[in-house]
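Visitor: Please take one part of this molecule and look at it closely, setting it briefly against the chain as a whole before going into strand pairing and side chains.

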Amino acid sequence: FFFQAEDGIRGPLWSRGLGDVYKRQILKVDVGFMGTENATYQLVDADNNIYPAGLYKPLSSGKQLVYFLVPKDSLFKLMNVTPKGGAPIYINWWATPKGSNDNLTVRYYGITDWLINPDEQGIVVQVRVQNNGTRNLIVGPENFTLLDQWGWPYRPTLGFDQQIVPLGNATDRVLVGFTGISLLSRPAALAYDNEASNKILIMFERDYVPLSDELVYGANATASAASVQPATVAALPATDQTAQSAAAVQATAQQNTSTK
């Protein structure tokens, strides 16, 4: 999700691409670092697997989009930025925003599709609902409301089939879509049961915060992140990983273009 973080890097925007077929998807990160246009980027997931960047798209001075080809529904903890001829910079990934009441917990994983046409916007978000109550929970897209920066509510127009979630269980990650969004609106929050007294409200800018050093580096985390040593490189063969990642991303982008 796009918002300006204090470290100069904005949140992730997921693109499904060919992920539904090949169990991989493109993650685009909007980066703002002055003087690091020639830096290399890596993502480290929760299991210490490393994913090199595949493509870079310059936006403006100091700004670029960095593309990663990663397994579907990955959870990351760290991004490694290495300027050319410089020391690596380690940046903690974002915690998954969540909200709870006595009956359930909602986790928000971000925006998977953001479509803009001359008259309106369409936005698809990915969520998961955990049943913490004392009886079965009925969950459907109609439980969700997208709020813009002025608090204007948008109701879902597409999404998953209604589910019955038993006590102690959770849905898979599911998609909820909103269309007819004004071009002047910016998504600011996601509400569950927006009209209820115990509604759950996830504020995107407030709740999208970096993971703590303890979660990223372990219980014995120090103030310095330089000691991190990811264990393995995942998803791509050891030979020419970045080049192969770029080729895979390009192939995905070409397929997306050909299937529109």
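**A four-stranded sheet in its chain**

Guide: In this predicted model, residues 24 or more positions apart account for 62% of the contacts in the protein chain with a separation of 6 or more. The secondary structure of the chain comprises four helices and 19 strands, and 47% of its 260 residues count as buried. About 13400 Å² of the protein chain is exposed, with carbon and sulfur atoms supplying 51% of that area.

Within this chain, the part to look at is an open sheet of four strands, arranged in the order β13-β12-β17-β18 with antiparallel pairing. Because β13 (153-154) and β18 (200-203) each have a single partner strand, they stand at the edges, and one side of each is left without a neighbour in the sheet. Strands of a sheet pair through backbone hydrogen bonds, in either a parallel or an antiparallel manner.

At the β13 edge, strand β12, which spans residues 144-148, is joined to β13 by two bridges, the two running antiparallel; here L147 stands opposite P153 of β13. At the β18 edge, four bridges join β17, residues 187-192, to β18, again in an antiparallel arrangement, and I202 in β18 is the bridge partner of L190.

In a regular strand the side chains alternate between the two faces of the sheet. Strand β18 shows such an alternation: I200 and I202 point to one face and are buried, whereas L201 and M203 point to the other face and are not buried. I202 is thus described twice, as the bridge partner of L190 and as a buried residue of β18.

Terms used. Residues are numbered from 1 along each chain as its sequence is written. This is a predicted model: local features need pLDDT of at least 70, side-chain atom pairs count only at pLDDT 80 or more; totals for chains, interfaces and linings use all residues. Side-chain values use heavy atoms; hydrogens and water are left out. Two strands pair if DSSP finds at least two bridges between them. Buried means under 20% relative accessible area, exposed over 50%, partly exposed in between (1.4 Å probe, protein chains only). Contact means heavy atoms within 4.5 Å. Accessible areas come from the Shrake-Rupley method with a 1.4 Å probe; for residues, only the protein chains shown count as cover.
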